[in-house]
Amino acid sequence: MTVRTGQEFIDGLDDDREVWYGGQRVRKVAEFEEFKPSVASLARLYDLQHDPSLSDVMTCESADLGDVIARPFEIPRTLSHLRLKRECYIAVAEATCGMMGRSPDFLNAMMASLAAKRSFFHECAPERADAMVNYYKYIAQNDLFMTHALLDPQLDKGKLRNEQSDPGTPLRVVDRNADGIIVDGIKRIATSAPYADEILVWPFPPTFLPGEEAYANVFAVPMNTKGLKTLCRRSFTNHGSRTDFPLSAQFDEMDSTVVFDNVLVPWDRVFLHENTTFLNRMYKDTRMREMTAHQTNSRLEVKLGFVYALLVRMAAAAGTDNRSETMELLGEAALRVEVIRNTTRSAELQATVDPDNGVLYPDLPALQVGRALGPIYYPEMIAMIRKIGGGGLVQLPVSLDEFDSAIGPDLKKSLSGSSIGGLDKTRQMKLAWDLCGSEFGARHELYEMNYAGERGALLASVNREYSRKQDYLDLLDTFMAGL
Ligand SMILES: Cc1cc2nc3c(=O)[nH]c(=O)nc-3n(C[C@H](O)[C@H](O)[C@H](O)COP(=O)(O)OP(=O)(O)OC[C@H]3O[C@@H](n4cnc5c(N)ncnc54)[C@H](O)[C@@H]3O)c2cc1C
């Protein structure tokens with residue numbers, strides 16, 4: 001068993017993987033300037049697992065594996081398991097201000113959900129269930145960091161995968177033999193792929209139609225697999241002092257396209273193949289959303305709380321915090337934090353045991369509130385930063401070092417606020433700009449709007465699957481019958 005340290009995570013990245021940035025092959029990803037800050041932030045998360053004051057939260061003795069593992073891998077069976085998992089997710093999010101959406105705990109929680117639903121894969125074929133459960137054990141016992149790639153390239157949305165002008169562009173099976181399946185084609189958007197250990201591939205959305213069988217595969221491979229290429233977007237890391245770029249100097253997660261060039265996936269890493277029926281059922285029937293949304297809503301709670309706190313400080317610095325319109329705005333912000341905060345706690349209190357596997361699942365309708373409202377709340381709170389900050393957001397010096405230069409006294413005078421000096425107010429405003437004006441900030445808005453999938457489809461599924469619908473229909477019908 002291994003609960004890894006940051007250094008062990010970093011050492012694991014030196015494995016000759018094929019990562020491309022700006023048309024150049026990156027030879028040592030952990031040492032590459034554009035990745036270094038995020039790798040360091042991720043390493044700190046692995047070190048957090050060894051913080052004695054957090055060890056009961058960050059790690060646990062797994063009843064399923066008979067081993068000490070990182071808490072997010074745990075398959076929850078009691079209310080205490082769920083509470084501790086949430087506390088772990090929150091500790092991870094607090095270490096990054098909620099700015100690393102694909103921190104290791106996200107996919108670790110997903111792996112726990114897939115392994116817990118062994119029955120789903122068994123119904124497809126016993127070998128697929130064995131592959132999934134053994135893979136979960138391997139990942140959890142080696143404390144590996146995973147990325148995932150679900151989407152096909154944005155081609156012609158009016159056509160099926162097999163109807164595209166080049167049906168070979170989306171990732172599909174091109175051959176199979178005694179060793180495994182051979183896959184070829186492209187997937188996106190694999191966040192953190194350059195510095196993950198493994199990639200999990202499963203296609204989304206789960207709306208496969210006859211003719212698309214070759215594309216309906218779920219599997220995982222190591223990032224250094226022969227034939228797997230990772231193509232990076234431009235880095236949004238700002239290289240400079242953390243005081244000048246408080247978030248973008250540390251937390252940019254690289255989003256990547258992954259290209260599979262006739263990659264062999266061994267059978268023990270194939271969880272579904274060429275099976276549209278099971279693929280369409282997987283998202284719902286493995287109950288992965290209950291486990292992953294428990295993590296994503298915990299992270300979002302921390303991120304919104306962080307933005308809320310900044311709004312409070314900015315309003316005080318502007319001397320507007322006791323004006324009625326600002327008090328109203330701050331109240332709106334606090335409410336948004338609370339709505340998201342209560343999704344996880346309410347989901348735990350309404351959790352139910354699934355008789356199929358004895359696992360305690362947090363309540364899905366409560367969690368869906370966070371997934372559906374996060375894409376609205378986050379941009380709204382970023383707009384609040386712009387509203388309070390106004391033009392002050394674009395009056396900032398290049399660097400805080402300028403306060404120590406000949407123009408320091410001018411800066412101090414021009415940038416001071418209500419009971420706050422120019423230097424401290426500038427520190428605040430630099431953080432605000434990182435959130436609302438930088439490329440890093442723009443990417444974060446896009447992330448919060450999209451990470452749970454297309455919002456329209458999500459809302460349709462909320463109504464379609466609403467478990468309390470019948471209770472409310474009965475109430476209505478009883479009332480109407482009694483008129
Ligand atoms: C920063 C970031 C990080 C991400 N990280 C990951 C990750 O780690 N792993 C991963 O797998 N995914 C990741 N995603 C992908 C995310 O899940 C998707 O962005 C999301 O599901 C939306 O899909 P899309 O980007 O293809 O947008 P699209 O589905 O292309 O949507 C774009 C627009 O087109 C519209 N549209 C789509 N289809 C149709 C149609 N048939 N007819 C009419 N209109 C249509 C939509 O309503 C929307 O307005 C990430 C995304 C972002 C932005």
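**Close-up views of a helix pair and a ligand shell**

**View 1. Helices H11 and H14 cross at roughly 155°.** In this predicted model, the axis of H11 (residues 364–389) comes within 7 Å of the axis of H14. Because angles over 145 degrees count as roughly antiparallel, H11 is roughly antiparallel to H14. If you are wondering about handedness, the crossing of these two helices is left-handed.

**View 2. Residues of H11 meet residues of H14.** Here we look at the side chains. On the H11 side you will find Gly374, Pro375, Tyr378, Pro379 and Ile382. Their partners in H14 are Glu445, Glu448 and Met449. Taken by residue class, the contact of H11 with H14 holds 5 nonpolar, 1 polar and 2 charged residues.

**View 3. The ligand sits among 19 surrounding residues.** Leu150, Lys157, Thr191, Tyr447 and Asn450 are the closest of them. For anyone setting up an interaction analysis, the shell around the ligand is made up of 8 nonpolar, 6 polar and 5 charged residues.

**View 4. Strands and a helix both supply the shell around the ligand.** Strand E5 (146–149) and strand E7 (180–191) each provide at least two residues, as does helix H14 (439–450). Which element gives the most to this shell? That is H14, with 4 residues; H14 is also the helix that pairs with H11 in the views above.

**View 5. Two domains share the shell around the ligand.** Domain 1 (6–284) contributes at least three residues, and domain 2 (287–481) likewise contributes at least three.

Methods
Residues are numbered from 1 along each chain as its sequence is written. This is a predicted model: local features need pLDDT of at least 70, side-chain atom pairs count only at pLDDT 80 or more; totals for chains, interfaces and linings use all residues. A residue is near a molecule or strand if its C-beta atom, placed from the backbone, lies within 6 Å of it. Ala, Val, Leu, Ile, Met, Phe, Trp, Tyr, Cys and Pro count as nonpolar, Asp, Glu, Lys and Arg as charged, and the others, Gly among them, as polar. Domain bounds come from an automatic or database domain assignment. Axes are lines fitted to C-alpha atoms, for helices over the stretch in contact, and angles run from 0 to 180 degrees between N-to-C directions. Angles under 35 degrees count as roughly parallel, over 145 as roughly antiparallel, 65 to 115 as roughly perpendicular and the rest as oblique. A crossing is left-handed if the near helix is turned anticlockwise from the far one by less than a right angle, and right-handed if clockwise. Two residues are in contact if their C-beta atoms, placed from the backbone, lie within 7 Å.
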